[in-house]
Amino acid sequence: MSSKDFCYREETSNQNEKYCDQRYVAQYPCNPNKRYNGRGPLQLTWNYNYGEAGKANNFNGLESPEIVANDPVISFKAALWFWMQTVRPVLGQGFGATIQKINGDVECGGKEPVKVRARVDLYRNYCQQFGVGTGSNNLYC
(Lines give C-alpha, C1' and ligand atoms only; values in the text may rest on other atoms or scores of the structure.)
Protein backbone atom coordinates (compact mmCIF):
# COMPACT_ATOMS: atom_id res chain seq x y z
CA MET A 1 0.00 0.00 0.00
CA SER A 2 1.28 3.43 -0.90
CA SER A 3 1.34 6.38 1.47
CA LYS A 4 -0.86 8.28 -1.00
CA ASP A 5 -3.75 5.77 -1.03
CA PHE A 6 -7.00 7.29 0.25
CA CYS A 7 -5.35 10.69 0.79
CA TYR A 8 -6.89 12.79 -1.96
CA ARG A 9 -10.32 14.36 -1.90
CA GLU A 10 -9.86 15.35 -5.54
CA GLU A 11 -8.19 13.70 -8.50
CA THR A 12 -4.67 14.99 -9.11
CA SER A 13 -4.14 13.78 -12.69
CA ASN A 14 -5.68 15.04 -15.92
CA GLN A 15 -6.01 18.62 -14.69
CA ASN A 16 -6.93 19.81 -18.20
CA GLU A 17 -9.77 17.33 -18.66
CA LYS A 18 -13.27 18.72 -18.00
CA TYR A 19 -14.98 15.28 -17.97
CA CYS A 20 -18.01 16.61 -19.84
CA ASP A 21 -19.42 13.71 -21.85
CA GLN A 22 -21.11 15.31 -24.87
CA ARG A 23 -23.46 12.33 -25.26
CA TYR A 24 -25.22 13.44 -22.07
CA VAL A 25 -24.88 17.21 -22.28
CA ALA A 26 -28.54 17.74 -23.20
CA GLN A 27 -29.67 16.09 -19.96
CA TYR A 28 -26.62 17.06 -17.87
CA PRO A 29 -25.34 20.38 -19.25
CA CYS A 30 -21.77 21.18 -18.33
CA ASN A 31 -20.87 24.54 -16.88
CA PRO A 32 -17.87 25.69 -18.96
CA ASN A 33 -16.24 27.05 -15.79
CA LYS A 34 -16.46 23.73 -13.91
CA ARG A 35 -14.64 20.42 -14.05
CA TYR A 36 -16.37 17.12 -13.39
CA ASN A 37 -13.19 15.32 -12.40
CA GLY A 38 -12.86 12.67 -9.71
CA ARG A 39 -13.83 13.84 -6.23
CA GLY A 40 -14.72 12.14 -2.97
CA PRO A 41 -14.01 8.68 -1.55
CA LEU A 42 -14.98 6.93 -4.81
CA GLN A 43 -13.78 9.77 -7.06
CA LEU A 44 -17.13 10.63 -8.64
CA THR A 45 -16.41 11.62 -12.25
CA TRP A 46 -18.29 12.90 -15.34
CA ASN A 47 -21.14 15.37 -15.71
CA TYR A 48 -23.85 12.69 -15.81
CA ASN A 49 -22.70 11.22 -12.48
CA TYR A 50 -22.57 14.64 -10.83
CA GLY A 51 -26.04 15.40 -12.20
CA GLU A 52 -27.58 12.14 -10.98
CA ALA A 53 -25.75 12.10 -7.62
CA GLY A 54 -26.88 15.67 -7.02
CA LYS A 55 -30.46 14.88 -7.90
CA ALA A 56 -30.47 11.85 -5.58
CA ASN A 57 -28.80 13.71 -2.71
CA ASN A 58 -30.21 17.24 -2.99
CA PHE A 59 -27.17 19.18 -4.20
CA ASN A 60 -26.47 20.86 -7.52
CA GLY A 61 -23.74 18.62 -8.89
CA LEU A 62 -23.57 20.35 -12.25
CA GLU A 63 -23.17 23.88 -10.89
CA SER A 64 -21.21 23.01 -7.74
CA PRO A 65 -19.26 19.79 -8.38
CA GLU A 66 -16.53 20.89 -5.96
CA ILE A 67 -18.96 20.30 -3.06
CA VAL A 68 -18.20 16.57 -3.40
CA ALA A 69 -14.62 17.29 -2.33
CA ASN A 70 -15.40 20.01 0.20
CA ASP A 71 -18.43 18.77 2.15
CA PRO A 72 -17.80 15.47 3.96
CA VAL A 73 -21.50 14.57 4.21
CA ILE A 74 -22.14 15.22 0.50
CA SER A 75 -18.89 13.44 -0.31
CA PHE A 76 -19.97 10.20 1.33
CA LYS A 77 -23.56 10.51 0.12
CA ALA A 78 -22.25 10.76 -3.45
CA ALA A 79 -19.90 7.80 -2.91
CA LEU A 80 -22.66 5.66 -1.43
CA TRP A 81 -25.05 6.67 -4.22
CA PHE A 82 -22.49 5.61 -6.85
CA TRP A 83 -21.78 2.36 -5.03
CA MET A 84 -25.45 1.42 -4.70
CA GLN A 85 -26.39 2.44 -8.25
CA THR A 86 -23.38 1.16 -10.15
CA VAL A 87 -21.18 -1.22 -8.18
CA ARG A 88 -23.46 -3.13 -5.82
CA PRO A 89 -25.34 -4.93 -8.65
CA VAL A 90 -22.11 -6.68 -9.75
CA LEU A 91 -20.62 -7.61 -6.36
CA GLY A 92 -21.37 -11.29 -6.82
CA GLN A 93 -19.30 -11.30 -10.00
CA GLY A 94 -16.00 -10.62 -8.20
CA PHE A 95 -13.54 -7.81 -7.72
CA GLY A 96 -12.80 -7.56 -11.44
CA ALA A 97 -16.43 -6.67 -12.11
CA THR A 98 -16.20 -3.81 -9.61
CA ILE A 99 -13.12 -2.45 -11.41
CA GLN A 100 -15.06 -2.69 -14.66
CA LYS A 101 -17.98 -0.71 -13.21
CA ILE A 102 -15.81 1.96 -11.62
CA ASN A 103 -13.07 2.46 -14.25
CA GLY A 104 -13.87 0.06 -17.09
CA ASP A 105 -13.65 2.42 -20.03
CA VAL A 106 -10.38 3.82 -18.76
CA GLU A 107 -8.58 0.74 -17.41
CA CYS A 108 -10.12 -2.52 -18.54
CA GLY A 109 -9.73 -4.40 -21.79
CA GLY A 110 -5.94 -4.24 -21.59
CA LYS A 111 -5.83 -0.43 -21.61
CA GLU A 112 -4.08 0.03 -18.23
CA PRO A 113 -2.81 -3.37 -17.04
CA VAL A 114 -0.38 -1.82 -14.55
CA LYS A 115 -3.18 0.15 -12.84
CA VAL A 116 -5.47 -2.88 -12.75
CA ARG A 117 -2.68 -5.02 -11.31
CA ALA A 118 -2.05 -2.35 -8.62
CA ARG A 119 -5.78 -2.36 -7.69
CA VAL A 120 -5.82 -6.14 -7.43
CA ASP A 121 -2.67 -6.10 -5.32
CA LEU A 122 -4.21 -3.54 -2.96
CA TYR A 123 -7.39 -5.61 -2.75
CA ARG A 124 -5.41 -8.73 -1.91
CA ASN A 125 -3.40 -6.80 0.68
CA TYR A 126 -6.55 -5.47 2.39
CA CYS A 127 -8.20 -8.90 2.34
CA GLN A 128 -5.10 -10.37 3.97
CA GLN A 129 -5.06 -7.64 6.64
CA PHE A 130 -8.73 -8.28 7.43
CA GLY A 131 -8.25 -12.04 7.37
CA VAL A 132 -10.81 -12.64 4.61
CA GLY A 133 -10.57 -14.38 1.27
CA THR A 134 -10.53 -12.59 -2.08
CA GLY A 135 -13.48 -14.58 -3.38
CA SER A 136 -13.60 -17.25 -6.03
CA ASN A 137 -14.48 -14.99 -8.97
CA ASN A 138 -12.12 -13.23 -11.31
CA LEU A 139 -10.06 -10.49 -9.69
CA TYR A 140 -9.27 -8.79 -13.01
CA CYS A 141 -11.52 -6.92 -15.40
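This report covers two domains and a handful of residues in a predicted model.

Residues are numbered from 1 along each chain as its sequence is written. Local features need pLDDT of at least 70, side-chain atom pairs count only at pLDDT 80 or more, totals for chains, interfaces and linings use all residues, and side-chain values use heavy atoms, with hydrogens and water left out.

**Domains**

The chain splits into domain 1 (1-90) and domain 2 (94-130). These bounds come from an automatic or database domain assignment. The contact takes 7 residues from domain 1 and 8 residues from domain 2; contact means heavy atoms within 4.5 Å. The C-alpha centres of the two domains are 20 Å apart.

The size of an interface is often given as the accessible area lost when the parts come together. Here domain 1 and domain 2 bury about 730 Å² between them. Carbon and sulfur atoms carry 72% of that area. Buried area is the accessible area (1.4 Å probe) that two parts lose on being put together, summed over both.

The rule finds 0 salt bridges across this interface. A salt bridge is a side-chain nitrogen of Lys or Arg within 4 Å of a carboxyl oxygen of Asp or Glu. The rule also finds 0 residue pairs in polar contact there, with both residues required at pLDDT 80 or more. A polar contact is a pair of N or O atoms within 3.5 Å; within protein, one must be able to donate a hydrogen and the other to accept it, and residues adjacent in sequence count only if both atoms are side-chain atoms.

**Arg-35**

Arg-35 is in the segment before helix H1 (47-57). Helices (H or I, at least four residues) and strands (E, at least two) are DSSP runs, numbered from the N terminus. Arg-35 is buried but has no salt bridge. Glu-10 is the nearest side chain of opposite charge, 4.1 Å away. For charge, Lys and Arg count as positive and Asp and Glu as negative; His and the chain ends are not counted. Beyond neighbours within four places in sequence, the contacts of Arg-35 include Glu-10, Asn-14 and Pro-65.

**Gln-43 and Asp-21**

Gln-43 is also placed in the segment before H1. Its relative accessible area is 28%, so Gln-43 is partly exposed. Buried means under 20% relative accessible area, exposed over 50%, partly exposed in between (1.4 Å probe, protein chains only). Residues up to four places away in sequence aside, Gln-43 touches Tyr-8, Arg-9, Glu-10, Glu-11 and Gly-38. Gln-43 and Lys-55 are 12 residues apart in sequence and 17 Å apart in space, C-alpha to C-alpha.

Asp-21 is found in the segment before H1. Asp-21 counts as buried because its relative accessibility is 9%. Its contacts, not counting residues up to four places away in sequence, are Trp-46, Asn-47 and Tyr-48.

The polar contacts of these residues include the following.

| Side chain | Partner | Distance |
|---|---|---|
| Arg-35 | Glu-17 backbone oxygen | 3.2 Å |
| Gln-43 | Glu-11 backbone nitrogen | 3.2 Å |
| Gln-43 | Gly-40 backbone oxygen | 2.9 Å |
| Asp-21 | Arg-23 side chain | 2.6 Å |

**Positive phi**

Most residues other than glycine have a negative phi. Trp-46 has a positive phi, near 85 degrees. Trp-46 sits in the segment before H1 and is partly exposed at 26% relative accessibility. Asn-58 has a positive phi near 60 degrees. Asn-58 is in the loop between H1 and helix H2 (67-70). At 74% relative accessibility, Asn-58 counts as exposed.
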